[in-house]
Amino acid sequence: MSTAKLDFIREYEKEYQKVWEDNKSFEIDALDQADPEHPKYLATFPYPYMNGRLHLGHAFTITKAEYMCQYQRLKGRRVLFPFGFHCTGMPIKACADKLTKEIQLYGNPPVFPVEEKKEEVKEPVVAVKEDPLQFKSKKTKAVAKSGGAVYQWKIMQSLGIPDEEIPKFADSAYWLNYFPPHCEADLKLVGAGIDWRRSFITTDVNGYYDTFVRWQFENLKALGKVKYGKRYSIWSTIDDQQCADHERSQGEGVGPQNYTLIKLQVKEPVPECLKPIHEQGKKIFLAPGTLRPETMYGQTNCWILPTGQYGAFEMGNGDVFVCTERSARNMAYQNLTTGKGEYKCLAKFTGQDILGAALKAPLAINETVYVLPMLSVDEEKGTGVVTSVPSDSPDDYASLQDLKNKAPFRAKFGIKDEWVLPFEVIPIIDIPGYSTTSAIKACQENNVKSQNDRALLDKAKETCYQKGFNDGIMMVGKYAGRKVSEVKKIIKDEMIAAGEAVEYSEPASKVVSRSGDECVVALTDQWYINYGDDDIEWKNQTIKQLENMEFYNPETKKKFEHALGWMNQWACSRSFGLGTRLPWDEQFLIESLSDSTIYMAFYTVAHLLQADINGSKPGTANITPSQMTSAVWDHVLLGKDYPEGCAISKDTLALLRKEFTYWYPVDIRVSGADLIQNHLTFFLYTHAAMFEQKFQPKSIRANGFVLLNGNKMSKSTGNFLTLADAITKFSADGTRIALADAGDGIDDANFVEQTGVTALLKLHTQIQWIQETLDSIDKFRSGPLDRVQDTIFDSEMNNIIVESDKAYQRSNFRDALHLVFFDLQNARDHYKVTTLDQMHKDLVLKFIEIQAVLIYPIAPHFAQKIFNILGKGSILDARWPTAGPIDFEALKKNSYIESTIYSFRTRLQLFQKAKGKGKTASDKILPEKSTILFSKSYPKWQQDVLEYLASIYDENTKSFTKDNNAISEELRKREEFKPHLKNLMGFVAAVGQNIKEIGKDALQTSLTFDESEILKENIDYICKTLEITTFDVQEFADTTQPAAGKGVQAPQPGRPTFSFI
């Protein structure tokens, strides 16, 4: 296949990129004083991790910042878009060490053992007693990066690195020098407008950045934000340290799930498998984990999985817990067993072996409860033992009813009737206005029939959890009459103090470190940042910042509110990896998410401090890293007094201070929505702690993941594309257009390769058209713009200027693309057809120029190419065009004609299909007579509906303030609508659809123009477009009767109907 068109575009793209680089077009410094006419604009993106090349996932988010920056340049702002490289943490060190080990074991190049391909096992659907309100990560990036490769050598091969170079990556320092230049080169290839002088790598390799992070933590500690104590955290048993998000190959975003283990003591007669332990005088407890200790009053039994593998594990205090080995392993890192990582198993057995065991359950109203079978117990959650409270747990209620109602089920597992049938649901929590037995109510509402109705039970469970915690009032126990939310923690603490329960935690879902071990939760002494309720003033201060910020999408703000609601202390120290040492405790490194919360401030001065990304050479300020003390950083970033004995001159520090105060705060932070749960919330917290109000971030734009051709990107399936490869296939602008078209919002977007191909072809075609048009421009019509088509085309261009300005400002880049690329060209094509190729020279020139300017943020090379053809100079000097007058009435008339043609063609095709049965495709079937029927007004009842809908229409949301149920209920009450109930909501639905197409105009009860006149004025154009000879125009006056003609509906104002004979 010829690549001539691609080669042509790539040639001029590279030419302009070189010009921009040679001219230092995107390098920009602070002014001595802010210029009100050209305000500053600082955009940042979370620096990518330097363990691979940039792929479309990176590019999708980076281009959101890029589009906004280029738009702001058009608006006259002085834009700074810096870019850094993240190297801190475990991943690089772990990968380098893994590579070293593989070379030692298998040679260089290594010869790996052949492994049998394992079939993928589909996980069963199980009941999981977890918090349904907890924030959950959608997927792990590391899995896609590795492509499923097991060996590090193979992962390096998948990155396109030749075998002879791979051994060099056994040195972690090599990664820091290899990937950042590739990252920079790829972004230059796509035409990103980045000030590369300000780039840096993280870790203590860059001495300047290292002093900055040390200063940050010294201040946080002085402010009381960093503390030391025992905390639960995800723990790698191989690395023997906390395993942060970026140090995981599976489970990114997963945190500890805290449970209360209830100690259900085994009573006599003791099951045979436990007798030897009981005879030693040891106390044996089944140890179910619960999130709702306040419900323990209502226990009716205890669930286990009959086929589950269980053990009796000795705890540090001599008690014996019956649970799964997986949970015992977690306990061994939480000071519950005899030693760290040690758990002594006294017996192993299946769940079947302990069915029917009698238990004494703390707080329970029932003196004795029994162990019963539940087939949906998940051995990978909690302890594999589940206590049953059927009053408030839908799963427990459904399972208990199954056992009660199904004698064969009881017989199958040898369950005696007296273990089940006498136990009734015990009301323990009153939810006013709902129920005293919420589980029964929720199961009824969701039509739950058995414990196998997994989806319905999950929905019921969410209702019970939310209502129980927010509205529930205790009915039993010493806290009867008090709200659940007030006493939940009190009851838990009292049970632990009485020896009836213990605290326990485990990963909320499976976490695997990059070292290869399945992580546990450990309770260890560690340095942590005191996010959350323990510093309520700091939390509230951060929450308050949300009110002053722009999030571009209400769902993004909701996610921040949720994250700030559950965010808790965060371990910020570790002992292995790359990074900065804790200034006051240098045995520890600072965790990789904790040292990357305010580095945006470092961008403002980085170009003055360093001459390269490693900080190996001083920058223009001629400062050494050792001179950047905490007192100096205090002066530069916090405005404190010039430090005594400072080796740096006041004038030099004033230059640094000027850069910071000019560029800060961050105007927009663009990121993936998956980082809201950690990095972005830390970003807000730390800014709130460190900086005064005027330096707080102004906006955050979050987006979802990007799919490739509708599927998740994965190297193992071949559905993967690096940024460099995309540019090679589609050109820089073709890639940028496809990325813009992939979608906005926080839901997953979709990069479609065919869109890249189509964009490439359209760019080439458009350039050809522009060149040919300008070569013959004097042949176009000139003189006054006196045709209605001129007015329409000019108004359409002016309207697109206005609407695309709004779209860019709201960061709706897909909408902007469609307006400035597709809709604008469609308007040009329509103008060409309606003027019968007699377009006006001035409007054609205006079209060419404004398209170049409007599309510049998304396709800058194409825009520069057009400017070169026009002889306009640099597109970087262009400014957003001022929209001329918009004749909205003319646009309405034009829209009316186009929609009429579309509807006419659809009806005509149906007529021709019906008449053409049995005839060849070449037989052109035309109706003998075509009629367009129009109506000047709606029937009275429809006018009344429109007036009502107009009264509840919200212009801001472009929707009604009431839902369909509320609308239906209100309209059905009114007498005038009762004869029309059959058609009432159908009409409302039709109006709602019309609003989506034409906006508020759909609520008008009549038109502002004469349909008959407009149709007759355009009869020649309509006939030519539809390839018919003529048609009649008739008013349909009797709105109470159906239109003449079989299957023809009555017309409405602005929506004519058609009949053919």
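Helices, taken as H or I runs of at least four residues, and strands, taken as E runs of at least two, are DSSP runs numbered from the N terminus. On that basis, the protein has 33 helices and 33 strands. The model described here is predicted. The protein has 1061 residues and a radius of gyration of 35 Å, which agrees with the value near 31 Å that a compact globule would have.

**Overall dimensions and surface**

- Along the principal axes, the C-alpha atoms of the protein fill a box of roughly 105 × 85 × 60 Å.
- Of the 1061 residues in the protein, 56% are buried.
- Among contacts with a separation of 6 or more, 76% are between residues 24 or more positions apart.
- The exposed area of the protein is about 45,800 Å², and carbon and sulfur atoms supply 49% of that area.
- The protein carries 127 positive and 140 negative charges, and the mean positions of these two sets are 2 Å apart.

**Domain assignment**

- The assignment gives two entries, domain 1 (256-503) and domain 2 (927-1060).
- Taken over C-alpha atoms, the centres of domain 1 and domain 2 are separated by 61 Å.

**Phe-413, a loop residue**

- Phe-413 lies in the loop that runs between helix 11 (407-412) and strand 17 (429-430).
- Phe-413 counts as buried because its relative accessible area is 11%, and the cut-off for burial is under 20%.
- Residues up to four places away in sequence aside, Phe-413 touches Pro-306, Gln-352, Leu-355, Pro-373 and Leu-375.
- Ser-575 is 162 residues from Phe-413 in sequence, and the C-alpha atoms of the two residues are 50 Å apart in space.

**Helix 18 and its surroundings**

- Helix 18 spans residues 630-638, and its buried residues are Val-632, Trp-633, Asp-634, His-635, Val-636 and Leu-637.
- The cover over these buried residues includes helix 7 (207-222), helix 17 (600-609) and helix 19 (650-663).
- Gly-639 follows helix 18 and has a positive phi, near 75 degrees.

**Helix 33 and its surroundings**

- In helix 33 (residues 1019-1026), the buried residues are Tyr-1021, Ile-1022, Cys-1023 and Leu-1026.
- These buried residues of helix 33 pack against helix 25 (813-834), helix 28 (888-915) and helix 32 (1011-1017).
- Glu-1027, just after helix 33, takes a positive phi of about 60 degrees.

**Two further helix residues: Thr-681 and Gly-57**

- Thr-681 belongs to helix 20 (residues 679-690).
- With a relative accessibility of 0%, Thr-681 counts as buried.
- Apart from neighbours within four places in sequence, Thr-681 is in contact with Phe-560, Ala-563, Leu-564, Met-567, Leu-675 and Ile-676.
- Gly-57 is placed in helix 2 (residues 56-74).
- Gly-57 counts as partly exposed because its relative accessibility is 21%, and this class covers values from the 20% cut-off for buried residues to the 50% cut-off for exposed ones.
- Residues up to four places away in sequence aside, Gly-57 touches Val-706 and Met-713.
- Phe-112 is 55 residues from Gly-57 along the chain, and 31 Å separate the C-alpha atoms of the two residues.

Notes: Residues numbered from 1 in each chain as written. Predicted model: local features only at pLDDT ≥ 70, side-chain atom pairs only at ≥ 80, totals over all residues. Heavy atoms only, no water. Rg over C-alpha atoms; globule rule 2.2 N^0.38 Å. Buried < 20%, exposed > 50% of the residue type's maximum accessible area, 1.4 Å probe, protein only. Contact = heavy atoms within 4.5 Å. Areas by Shrake-Rupley, 256 points an atom, 1.4 Å probe, with all protein chains shown as cover. Lys, Arg positive; Asp, Glu negative; His and termini not counted. Charge placed at Lys NZ, Arg CZ, Asp CG, Glu CD. Domains from an automatic or database assignment.
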